[in-house]
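Welcome! Please take a moment to look over the sequence and the 3D structure shown here before reading on.

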2 protein chains.
Amino acid sequence: MLSHEQIWAAIDALAKRHGLTSSGLAKRAGLDPTTFNPSKRFAGDGRPRWPSTESLSKILEATGESVGRFVAGLDPEERTVTARPEAFAGIPVAAFSSEADADFDAKGAPTGPAWEPLTLPPRKADKLFALSVEGDGLLPVYRHGDVVVISRKTPVRTGDRVVVKPKNSQMTLLCLEHRTAKAYVFKALSGASARLQLGHEDVDWMGRIVWASQ
Amino acid sequence: MLSHEQIWAAIDALAKRHGLTSSGLAKRAGLDPTTFNPSKRFAGDGRPRWPSTESLSKILEATGESVGRFVAGLDPEERTVTARPEAFAGIPVAAFSSEADADFDAKGAPTGPAWEPLTLPPRKADKLFALSVEGDGLLPVYRHGDVVVISRKTPVRTGDRVVVKPKNSQMTLLCLEHRTAKAYVFKALSGASARLQLGHEDVDWMGRIVWASQ
DNA sequence: CCGAGAAAAGGGATATATTCCTGTCAGCAA
DNA sequence: TTGCTGACAGGAATATATCCCTTTTCTCGG
């Protein structure tokens, strides 16, 4: 289901995520700045007007966003999750829709035409290590006993959970909020509002948390 | 990113899932049967033609499909898993606590007595599958794009994060707060205070989230 | 083989999203 | 103030997706 209201809200949300207005978004995509004007969302007689698929394609291209991310903003209630039953070795996978639950047979095994094999990208040799969390200091994200797997080769991007080793103190688990030319800004996993700022030269090393047992 | 080829493939796939041809799909949606004709997918001069979002809305409405299901097959590249959990067996693991710091050598490799090989519980006979989280409804625990691996054989205990399939609604990701003789009590991953209570007989099945990409 | 029905090609007409234009208004800086 | 910029409204022109119609092709029963 895709409503007129939803699609315009998704466009606004996309623009906002990239610090743009709807007209700025249109311009960046090579469209006329008035394409997404509020005044163009309903015809004179009140009938809804729909953006073209080609325009959608262009704004996704211009912002580098995926379709999945775009539609994720459509219906927060729907909370779409895509199910991909995979075994650890690379297995059948299927998408899951909100109205037709992914098919499982009587034994609970994935079944039906929706499933297809999942292919995982080849994994380069990486120096992985793991830390087991002790105590409840990282709730609600990590519980006592959780194991987090850390890669020091994977590039760290904004929003990633990381292990940071500052030069003068011990390892901590944080979330990278953003980075500036000279410093990193971290926030606590707990969601507390406090921020930690560290200059690039004050960070001994940093690794990205790629998996976590639950 | 949304390509011309992808969107037409998604329409064909949608029709096929419902046992229809592209013209049958158009008719069912109240559109002209020729709307999705292969001959209408490119203009006479070879330029691509895009279906309108209004038509997309109508075929989703007619088939009862969600946007998420529709776009699920579009972009397999989108959700890339960085590692396979099975690859984690044997990597060095150390306790992460406030008191002790684990040692690394000059090259950044784990060293010292604090580390030992990670052992994973055997899962040979287990039915594992995964869900790819879309949207920000599960923050701060899971981000958009995170992949959670679910086991339906691992015993579920209080405090575990689980996938619940109620008899009359769709799968949801929750945290099991506690269980009584007749019911389960869940709380949302988001940390909201609301609780969801489900009788044992109202739960179709439940699986435990054992790993999650981050 | 023949006919019925559906799918699909092809072309003209229509509907509508976008573009292009002008103008208003708000915010901001000199 | 003045000038500049961007957001936005509104209208006309253009571009294009859909609709409507006809014809052809294909499949399936008889």
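The report below looks at the two DNA strands and then at the salt bridges.

## About the model

This is a predicted model, in which local features need pLDDT of at least 70 and side-chain atom pairs count only at pLDDT 80 or more, while totals for chains, interfaces and linings use all residues. Residues are numbered from 1 along each chain as its sequence is written, chains are lettered from A and ligands numbered from 1 in the order in which they are written, and side-chain values use heavy atoms, with hydrogens and water left out.

## Around DNA strand D

Let us begin with DNA strand D. A residue counts as near a strand if one of its heavy atoms lies within 4 Å of it. There are 19 residues around DNA strand D, and those that come nearest are T21(A), S39(A), D32(B), T35(B) and R49(B). Of the atoms of this strand that come within 4 Å of the protein, 68% belong to sugar and phosphate. The surface near DNA strand D is made up of 4 nonpolar, 9 polar and 6 charged residues. Here nonpolar covers Ala, Val, Leu, Ile, Met, Phe, Trp, Tyr, Cys and Pro, charged covers Asp, Glu, Lys and Arg, and polar covers the others, Gly among them. Helix α2 (residues 22–28) of chain A supplies the largest share of that surface, 3 residues; helices (H or I, at least four residues) and strands (E, at least two) are DSSP runs, numbered from the N terminus.

Some individual atom pairs are worth finding in the view. T35(B) places a polar side-chain atom 2.7 Å from a phosphate oxygen of DNA strand D, and R47(B) has a polar side-chain atom 3.0 Å from a phosphate oxygen of the strand. With W50(B), a backbone N or O atom lies 3.3 Å from a sugar or linking oxygen of DNA strand D.

## Around DNA strand C

Which residues come nearest to DNA strand C? Of the 20 residues around it, they are D32(A), T35(A), R49(A), T21(B) and S39(B). Sugar or phosphate makes up 67% of the atoms of DNA strand C within 4 Å of the protein, and bases make up the rest. The nearby surface divides into 4 nonpolar, 10 polar and 6 charged residues, and helix α2 (residues 22–28) of chain B gives the most to it, with 3 residues.

A backbone N or O atom of D32(A) lies 2.9 Å from a phosphate oxygen of DNA strand C. For S55(A), a polar side-chain atom lies 2.9 Å from a phosphate oxygen of DNA strand C. S23(B) has a polar side-chain atom 3.3 Å from a sugar or linking oxygen of DNA strand C.

## Salt bridges

Side chains of opposite charge can pair when their charged atoms come close. With a salt bridge taken as a side-chain nitrogen of Lys or Arg within 4 Å of a carboxyl oxygen of Asp or Glu, the count is 7 over all chains. One of them joins D12(A) and R41(A), at 3.0 Å from N to O. D12(A) sits in helix α1 (residues 4–17) of chain A and R41(A) in the loop between α2 and α3 (53–63) of chain A, 29 residues apart. R41(A) is buried at 10% relative accessible area, whereas D12(A) is partly exposed at 34% (buried is under 20%, exposed over 50%, partly exposed in between, with a 1.4 Å probe and protein chains only).

In chain B, D160(B) and R208(B) meet in a salt bridge at 3.3 Å, N to O. D160(B) is buried, at 3% relative accessibility, and R208(B) is buried too, at 14%. Salt bridges with shared partners join R143(A), D160(B) and R208(B) into one network.

Notes
Polar contact = N/O pair within 3.5 Å; in protein donor to acceptor, adjacent residues only side chain to side chain.
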